[in-house]
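User: Please take a close look at one part of this model, a loop residue and its surroundings. Once that is done, add a helix pair for a second view of the packing.

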Amino acid sequence: MTHRFDPTSLREYDIRGIVGQTLGPDDARAIGRSFATLLRRAGGHRVAVGRDGRLSSPEFEAALVEGLTASGCDVVRIGMGPTPMLYYAEATLEVDGGIQITGSHNPGNYNGFKMVFQHRPFFGEDIQGLGRLSAEGDWETVEAGEEGTVTDYDIEDDYVGRLLAGYAGGSYRIGWDAGNGAAGPVIEKLVAQLPGEHFTIFTDVDGNFPNHHPDPTEEKNLADLKALVAEKGLDFGLAFDGDGDRIGAIDGQGRVIWGDQILSILAEPLLKAEPGATVIADVKASQALYDRIAELGGKPVMWKTGHSLIKTKMKETHAPLAGEMSGHIFFADTFYSYYGYDDAQFAAVQLIRAVHTIGKSMNQIKDDMPAMINTPEMRFQVDETRKFAVIDEVLERLEAEGADVDRTDGARVNTVDGWWLLRASNTQDVLVARAEAKSQEGLDRLMAMIDAQLAASGLQRGPQAAH
């Protein structure tokens, strides 16, 4: 028996597709067979499985478990919850790997699989290898009656307990928007044990996402949270994506605290306790963040966008803290006693702790941030066969011009006005652009440079593409 995936579903960091079109139960079963085969050949045999609240997730879970057990792996089902709860299970239970069934922050008709293999991210070539294994049907088999076992383990209370362990964050009035995503029940248990006054919205899990799209990096999705914070006069508000691995935040005035700004707040108590510690951010982050980390006595490292890439870099550099503009925040090492993965619920608790340690209101912290004028993340479609080639062409031209270019991930160009970025998405047929300056005139000049480079490669910025 063999299985071929729709090639669009085998992405850089996970497997994801449209239910019934590019992804279905047969894919889930094949993922189980191939993942179990790889794990057994590496000496493992036990897998934790979790799922989000999408309507298709129970069916996908059943097929995945069937595939895992058919190739001889035992399964520990932890039930529905945020992706970081699966990461927690994989880090703390006696298992050799973990798979979360989730469509992340995509619309409700998507679903997918995020994987951990022997405590490391499973991405890139790992995912392509899984696809090849399935296409060849090169699967481990067991005799009838010797399939892997299936057990259920309720880890939710343990996970919430770990989020709150050693809490020292003071008492605040906070709004929480779970966006009808899988983090809702965990958020309810979390706020019940936090000091202060807490108001939650959309914590009931609903795979149709009836209130708003669960992506807190888009400001329009924060409208309900802004209304709640304004109505109740709260100190600040927190929001979560569909599977609870990305956080968004607003201050008491409803101003968005972007991913890199959240990271700059979190860095302050860390660097007070551990001077010289490394803090990693992705290439889309503001220069203000890198300057702030250095000012606080830390070592800022700019790295490639992508949660699996950041996790790998954290291990390599022993960084205790890392983050992306997209709201993935990662925690490790002794200061946090955490496991090196991205966890929006843990980020929420640590953000409260940081505000308390800094000793100012969230409004004041936001006021104190340098005034930079920047674009949102601009994403526009380009043919898959052209996206990386265009970046190569841009880099070649910039080099010929003698421009100040950082090649960490695409082209990040420094000028007297500020900086601009052009990179190819690893997961979609899009180019990503961003620019930041100290004045609107400077920003206009940076945008003109981006457009000139695109034009030289026969392209122009199109309408905004979804994630």
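Analyst: What follows describes the surroundings of Ser71 and then the packing of helix 5 with helix 12 in a predicted model.

Ser71 sits in the loop that links helix 2 (57-70) to strand 3 (74-80). Its relative accessible area is 0%; the cut-off for buried is under 20%, so Ser71 counts as buried. Apart from neighbours within four places in sequence, Ser71 has contacts with Arg33, Ala36, Thr37 and Arg40, and also with Trp139, Glu140 and Val142. Among these partners, Glu140 offers its backbone oxygen, which lies 2.8 Å from the side chain of Ser71. A further distance concerns Glu143: although 72 residues separate Ser71 and Glu143 along the chain, their C-alpha atoms are 9.7 Å apart.

The second view is of a helix pair. Two packed helices are described by the angle between their axes and by the distance between those axes. For helix 5 (residues 156-164) and helix 12 (residues 344-358), the angle is about 30° and the axes are 9 Å apart. Angles under 35 degrees count as roughly parallel, and helix 5 and helix 12 are therefore roughly parallel to each other. Their crossing is right-handed. On the helix 5 side, the contact involves Tyr159, Arg162 and Leu163, which meet Gln345, Phe346 and Val349 of helix 12. By type, the residues of this contact comprise four nonpolar, one polar and one charged.

Technical notes
Residues are numbered from 1 along each chain as its sequence is written. This is a predicted model: local features need pLDDT of at least 70, side-chain atom pairs count only at pLDDT 80 or more; totals for chains, interfaces and linings use all residues. Side-chain values use heavy atoms; hydrogens and water are left out. Axes are lines fitted to C-alpha atoms, for helices over the stretch in contact, and angles run from 0 to 180 degrees between N-to-C directions. Helices (H or I, at least four residues) and strands (E, at least two) are DSSP runs, numbered from the N terminus. Angles under 35 degrees count as roughly parallel, over 145 as roughly antiparallel, 65 to 115 as roughly perpendicular and the rest as oblique. A crossing is left-handed if the near helix is turned anticlockwise from the far one by less than a right angle, and right-handed if clockwise. Contact means heavy atoms within 4.5 Å. Ala, Val, Leu, Ile, Met, Phe, Trp, Tyr, Cys and Pro count as nonpolar, Asp, Glu, Lys and Arg as charged, and the others, Gly among them, as polar. Buried means under 20% relative accessible area, exposed over 50%, partly exposed in between (1.4 Å probe, protein chains only). A polar contact is a pair of N or O atoms within 3.5 Å; within protein, one must be able to donate a hydrogen and the other to accept it, and residues adjacent in sequence count only if both atoms are side-chain atoms.
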